[in-house]
Amino acid sequence: MREVPLIILGGGPAGMAAALEARARGIEVLLLDENLAPGGQVHRAVGGFHRPEPRAPGAAQAREGLRLIEAFRASGAEARFGATLWAVEEDRTVTWSEGGVAHRARAGVLLLCPGAIERPLPIPGWTLPGVMGVGAAQILLKSAGLLPEGRVWMAGQGPLLWLYAAQMLAKGGRLAGILDLSPPGGWKRAALHLPAALTAPGYLLRGLGWMARVRRAGVPVIRARALAAEGGERLTHIVFDGRREAAELLLLHDGVVPNTQITRALQGCAHLWDAAQACLRPVLDGWGNTTRPGVLVAGDGAGIGGARAAEFSGRIAALEAARRLGTLTGEQRDALAGPLLLRRQAELAPRPFLDALFPPLPAADIPDETLLCRCEEVTAGRVRAATALGAQGPNQLKAYLRAGMGPCQGRVCGPAVHAVMAAARGVPPAALEGLRTRFPSKPVTVGELASLA
């Protein structure tokens, strides 16, 4: 079996920056990413369809991404794109599929940079054709230049919602309206964290700029609480606070959470409940080490911090990998990482402000008839009923309802099921054990398994 000193999962900002840092120390690197090109979600298709004008929303970030991608391509790191990692063994042997064939390699150090996934926003009718996430719409815009057509509504909260709205309007798209579902009192909650956020004012100024662009375009922004999607074979109307409007596309967003599908499947890799971001994240030290020896995590997969913070996290983790591999001493690692640690801390300064301004929408408000687990068609009402019968958490719920056992393995429904069960039991979400995942973490064909022989 092939032995590789450093295997990196993920070609986003953290993964690319880690590969650059490791190659600068002379370390052989194998990077795996299921996308077809480097960049991750935030820098997706930079240099391709995603070429914003100099003053367009996200232009500065795109330029940063292009510089990082070009440096990564010139680094000499081996990169496998279209490669889906689906298993990690005790000795850090990883298995991935590429072109219908499975491959294996053993890592001296395994660095996971899986990024973030969109938090689900379950509303009645959210599984109708014509309802999708803002993140998916942004992928279509970046990857293929596709703009939504017809009567398009957006609903939810968070920076990505406003960024996408500004981006699609700048490209000539149209919006029927935006439903702001953010809980009231946001600015009052966030005021305590404003001084720290102002130490990195660029984040706040960009967000205010996106909002201003949307309002200048004349898009109605409506404060709303209750929302439902209606239709037969596809979406035809939305209903909010007693008002009914025609709609052909509804884009939902309630922030993003770390992608922990791999780390939760690793035996001995501890996780904790992040109350500020209302999600599970792996337990890490300051260098990115998990509680599993030789396995590190960097970037948004360790906790949402944004692209720049992810880059610094990737470089810091790569220096720790170099120490573990014997390329650097502890003193050399500390000296090189000092400035990076300070810059990462500065980039993370606005996060408490944003977390307080845009807390996840309350699970207790999800109507009983709303589907939570789309794979197994489990509603919020059935989850509450199973909880009343004695299910203590998401893992016990599998035996009652199979929620989280479909093709997505809880990737989509997990946060919502966790929140609904905690609310139904009247306990903090941290009191519930997180949904455990199993390898293979992605669907695998018999042919791919056979190819291992």
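## The second largest pocket

Here Ala, Val, Leu, Ile, Met, Phe, Trp, Tyr, Cys and Pro count as nonpolar, Asp, Glu, Lys and Arg as charged, and the others, Gly among them, as polar. Sorted that way, the lining of the second largest pocket in this predicted model splits into 34 nonpolar, seven polar and seven charged residues.

How big is the second largest pocket in volume? It comes to about 900 Å³. Of the 48 residues that line this pocket, Arg119, Asp254, Leu361, Ala363 and Ala419 sit closest to its centre. If you want to see where the wall comes from, start with helix H13 (414-425), strand S16 (256-258) and strand S18 (279-282): each of them supplies at least two lining residues. H13 gives the largest share, with seven residues.

## Overall build

Stepping back to the whole chain, the protein has 14 helices and 21 strands. Its radius of gyration is 22 Å, close to the 22 Å that the globule rule gives for 453 residues, so the protein is as compact as a globular protein of that length. Along the principal axes, the C-alpha trace spans about 65 × 55 × 45 Å.

## Where H11 meets H12

Next up is a helix pair. The axes of H11 (residues 380-389) and H12 (residues 394-401) come within 10 Å, with a crossing angle of roughly 105°. Angles of 65 to 115 degrees count as roughly perpendicular, which means that H11 is roughly perpendicular to H12.

Which residues of H11 and H12 meet? On the H11 side they are Arg382, Val383, Ala386 and Leu389, and on the H12 side Leu397, Tyr400 and Leu401. By class, this contact is made of six nonpolar residues and one charged residue, with no polar ones.

## Two backbone spots to check

Most residues other than glycine have a negative phi, and most peptide bonds are trans. Two places in this model go the other way, and both are worth a look on screen.

Where is the cis peptide bond? It joins Phe439 and Pro440, with omega at about 0°. Pro440 belongs to the loop between H13 and helix H14 (446-451). H13 is also the helix that gives the pocket described above the largest share of its lining.

The other spot is Arg92, a residue other than glycine whose phi is positive, near 70°. Arg92 lies in the loop that runs between strand S4 (83-88) and strand S5 (93-98).

How values were computed. Residues are numbered from 1 along each chain as its sequence is written. This is a predicted model: local features need pLDDT of at least 70, side-chain atom pairs count only at pLDDT 80 or more; totals for chains, interfaces and linings use all residues. Side-chain values use heavy atoms; hydrogens and water are left out. On a 1 Å grid over the protein atoms alone, a cavity is a set of points where a 1.4 Å probe fits but cannot get out, and a pocket is an open set with protein on both sides within 12 Å along at least five of seven lines; lining residues have an atom within 4 Å of a point. Grid points are joined across faces, edges and corners, and a volume is the space filled by probe spheres set on the points. Helices (H or I, at least four residues) and strands (E, at least two) are DSSP runs, numbered from the N terminus. Axes are lines fitted to C-alpha atoms, for helices over the stretch in contact, and angles run from 0 to 180 degrees between N-to-C directions. Angles under 35 degrees count as roughly parallel, over 145 as roughly antiparallel, 65 to 115 as roughly perpendicular and the rest as oblique. Contact means heavy atoms within 4.5 Å. The radius of gyration is taken over C-alpha atoms; the globule rule is 2.2 Å times the number of residues to the power 0.38.
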